[in-house]
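Thank you all for coming, and please have the display open while I talk. I would like to walk through one structure with you, moving from its interior to its charged side chains and then to its backbone.

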Amino acid sequence: MGSNSSSMNNIPNAEQLVQETGFSAAHILRLYERFQFLDKDDTGQLRPEDFGAVRELAMNPIGDRIISAFFSPGQETLDFASFVRVLAHFRPADSNRTRDGAQPEPANSSMGKLKFAFQLYDQDRDGKISRAELLQVLRAMLGMQVTEEQLQSIAERAIQEADFDQDDAISFDEFRKSLEKVNIDHKMSIRFLS
Amino acid sequence: MELFFNPFDNLVCILLGISFTVWFTLLLVFIIVPAIFGVSFGIRRLYMKTLLKIFEWATLRIERGAKEKNHHLYKPYSNAIIAKEPTSLEEEIKEIRRSGSNRDLDSASEFEMSDIFYFARRGVESIMDDEVTKRFSAEELESWNLLTRSNNNFHYISLRLTVLWGLGLLIRYGFLLPLRVTLAFTGVGLLVFLTSVVGLLPNGKIKNFLSKKVHLMCYRICVRALTAIITYHDSENKPKNGGICVANHTSPIDVIILASDGCYAMVGQIHGGLMGVIQRSMVKACPHVWFERSEVKDRHLVAKRLSDHVEDKSKLPILIFPEGTCINNTSVMMFKKGSFEIGATVYPVAIKYDPRFGDAFWNSSKFGMVNYLLRMMSSWAIVCSVWYLPPMSREEGEDAVQFANRVKAAIARQGGLVDLLWDGGLKRGKVKDTFKEEQQKLYSKMLVGTQEDRSRS
């Protein structure tokens with residue numbers, strides 16, 4: 001095991017993170033270890049290159065997009081709190097959670113997960129998935145395996161299916177509507193083993 | 001004043017003198033002489049049994065203490081921290097789509113916006129926990145072995161436990177470490193000196209005989225310098241001249257462990273400094289295969305020198321670690337095919353360390369060599385098992401890669417290690433694009449079919 005003996009005391013704002021994200025203390029500790037593992041030069045911050053150490057991520061066609069999802073626009077470093085907040089999107093949804101309107105939407109609700117997925121498409125964060133952005137994602141996921149025409153026709157069909165207000169782009173509402181029957185919680189959740 | 005201190009000084013000097021003498025005599029009798037003759041008093045095994053009992057007690061104490069104080073016990077999982085479904089890309093995407101639309105399955109082979117869920121989840125899963133990088137960090141333990149470096153639960157639990165830990169610290173750093181360092185220097189010094197002496201003799205039977213004895217003796221001293229307790233299994237399969245010995249790699253200590261039980265010709269790059277001195281003097285006594293840095297890149301040259309060596313039946317078997325890098329001893333990674341192309345008989349050896357006593361894995365990105373050796377020498381002991389597997393040769397119609405994989409599977413099976421297809425070179429290198437292309441191919445097959453389908457329709 002590594003030479004650091006972690007405990008909750010080493011993690012800044014641990015209690016607050018538990019409240020905010022809903023991860024248990026043990027999970028936060030686990031994630032902190034992972035964060036430290038990725039943080040090779042021990043600066044307490046992660047950079048996009050640090051994610052490069054994860055081999056399976058390099059294999060993922062949209063690996064780069066996932067990495068940028070962690071970094072807010074303009075930011076080049078990521079601290080542990082932000083790291084955990086992004087990962088909170090993948091926590092299984094809490095089943096019987098009553099919340100009042102004043103509380104912010106939890107990251108791991110269906111809405112939160114949808115927003116995360118939407119941002120993977122909408123790189124310039126203008127609230128709409130343009131045709132160009134859709135083509136980019138499709139090209140990433142399919143690589144050189146399809147021709148340009150095939151790509152265009154796939155994109156065309158997808159926009160026609162979802163775009164209700166005919167503005168040649170998919171807004172978040174249209175995105176949400178087209179996916180309303182998908183079991184989002186099941187497909188966008190990662191369960192801890194402990 | 002002077003008169004007062006003089007007899008005291010004398011007394012101190014005498015005491016120091018006596019303790020040094022006693023120390024060296026004990027060292028000689030109990031450690032160096034047995035090393036020369038290859039016998040053992042069994043002290044180390046007794047030591048191991050005692051330690052195990054103490055560790056069990058310590059672990060129970062921690063668990064009990066944690067329950068009492070209601071601390072959340074952080075239990076390390078040796079396998080995974082998140083649940084990963086073993087479904088394939090195709091199955092998963094079909095499932096996502098099935099739940100999302102009322103349409104017929106057959107017509108739903110078109111792109112859906114929800115397809116991205118699969119890739120996003122897989123990506124984030126790998127950020128949280130992945131198969132490959134796990135192999136490159138030290139194995140996690142389920143009991144505590146009184147070394148803080150391997151414990152994540154080190155809160156203050158009880159006085160007794162802390163005292164025990166403190167005592168352990170004292171023994172390890174105050175007694176064991178100096179002892180081991182002395183032995184290490186002795187071992188290495190003798191190796192350099194004696195091999196140079198033997199090198200002066202004319203080539204012949206006597207030289208070979210002496211060289212073997214010298215090498216074995218010095219390696220045995222080094223084994224004791226690490227308090228390595230090694231169990232050799234199936235020694236009838238020990239490598240013979242003209243063969244290549246292949247083993248899984250966990251740390252530089254592997255060499256010492258194998259070489260203290262048999263004589264091998266080492267293969268490697270010539271280093272500068274102390275390592276270089278040792279290498280140069282070793283080669284005087286018997287032929288090892290050392291390469292200059294510039295020669296290492298030339299694969300044909302390397303292959304030629306190795307095959308020349310194995311063809312000469314009077315030369316010792318070559319020792320090679322085909323993984324190319326240190327793995328954390330829970331799995332075996334891809335073997336590089338170079339040594340399997342030469343066509344000599346391969347003698348596989350499996351080495352499995354018992355992590356309860358001290359983690360032998362060398363994480364070279366975290367610790368330098370000296371740091372690593374100090375850690376090794378201040379652990380309790382290195383306990384490992386070595387299995388000599390029956391010799392294997394390349395079969396008809398088998399290419400080098402298949403042969404390498406067959407040997408790797410045999411070693412993994414024997415040592416109880418996981419047989420992985422991943423390349424150990426992934427520790428430092430980037431993933432080749434072919435892996436990403438595989439994923440893209442799978443996905444595009446779902447959407448638009450393969451090239452053949454398209455040309456047919």
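What follows is a short tour of this structure, which is a predicted model.

Let me begin with the nonpolar interior. The largest nonpolar core has 77 residues, and the residues with the most contacts inside it are Phe83(A), Phe175(A) and Phe111(B), two names from chain A and one from chain B. The element that gives the most to this core is helix 4 of chain B, residues 115-128, with eight residues. If you centre your view on Phe83(A) and leave aside its neighbours within four places in sequence, you will find it in contact with Leu31(A), Phe35(A), Leu38(A), Leu46(A), Phe51(A), Phe70(A) and Leu78(A), and also with Ile127(B) from the other chain. Apart from this largest core lies another one, of 49 residues, which includes Leu177(B), Val198(B), Ile256(B) and Ala259(B). As general background, nonpolar side chains in soluble globular proteins tend to be buried together.

Staying with buried parts, I would ask you to turn to strand 8 of chain B, which spans residues 382-388. How many of its seven residues are buried? The count is seven of seven, and the strand is therefore mostly covered under the cut-off of 20% relative accessible area. Ile382(B), Cys384(B), Val386(B) and Tyr388(B) point one way from the strand, while Val383(B), Ser385(B) and Trp387(B) point the other way, and the residues of both sets are buried.

Strand 8 of chain B also has pairing partners that I would like you to see. Strand 1 of chain B, residues 228-233, runs parallel to strand 8 of chain B and is joined to it by six bridges; in this pairing Ala228(B) stands opposite Ile382(B). Strand 7 of chain B, residues 346-354, pairs with strand 8 of chain B in the antiparallel sense, over six bridges, and here Val349(B) stands opposite Tyr388(B).

A word on the cysteines comes next. A search of the whole structure finds zero disulfides over all chains. Why does Cys222(B) have no bond to Cys218(B)? The sulfur of Cys218(B) is the closest cysteine sulfur to that of Cys222(B), but the separation is 7.1 Å, which is too far for a bond. Cys222(B) is buried, with a relative accessible area of 13%, and Cys245(B) is buried as well, with a value of 0%.

I turn now to the charged side chains. Over all chains, the structure holds 17 salt bridges. One of them links Lys128(A) and Asp167(A), whose closest N and O atoms are 3.1 Å apart. Lys128(A) lies in strand 1 of chain A, residues 128-130, and Asp167(A) in the loop between helix 9 and strand 2 of chain A, so this pair ties together parts that are 39 residues apart in sequence. Both partners are partly exposed, Lys128(A) at 32% relative accessible area and Asp167(A) at 31%.

Another salt bridge in chain A joins the side chains of Arg139(A) and Glu148(A), at 3.0 Å from N to O; Arg139(A) is partly exposed at 23%, and Glu148(A) is likewise partly exposed at 41%. In chain B, the side chains of Arg406(B) and Glu398(B) meet in a salt bridge of 2.8 Å, where Arg406(B) counts as partly exposed at 26% relative accessibility, whereas Glu398(B) counts as buried at 13%. There is also a network, in which salt bridges that share partners join Asp41(A), Arg47(A) and Glu49(A).

Finally, I would like to point out two backbone details in chain A. Which phi value does Arg125(A) have? Phi is positive, at about 50°, although Arg125(A) is not a glycine. This residue sits in the loop between helix 7 and strand 1 of chain A, and Arg125(A) counts as partly exposed at 37% relative accessibility. Gln166(A), which is also not a glycine, has a positive phi near 55°. The place of Gln166(A) is in the loop between helix 9 and strand 2 of chain A, and Gln166(A) is exposed, with a relative accessible area of 65%. That loop is the one we met earlier, since it also holds Asp167(A), the salt-bridge partner of Lys128(A).

Key. Residues numbered from 1 in each chain as written. Chains lettered and ligands numbered in written order. Predicted model: local features only at pLDDT ≥ 70, side-chain atom pairs only at ≥ 80, totals over all residues. Heavy atoms only, no water. Salt bridge = Lys/Arg side-chain N within 4 Å of Asp/Glu carboxyl O. Helix = DSSP H or I, 4+ residues; strand = E, 2+ residues; numbered from the N terminus. Buried < 20%, exposed > 50% of the residue type's maximum accessible area, 1.4 Å probe, protein only. Core = buried A, V, L, I, M, F, W, Y, C linked by side-chain atoms within 4.5 Å. Contact = heavy atoms within 4.5 Å. Disulfide = S-S within 2.5 Å. Pairing = 2+ DSSP bridges.
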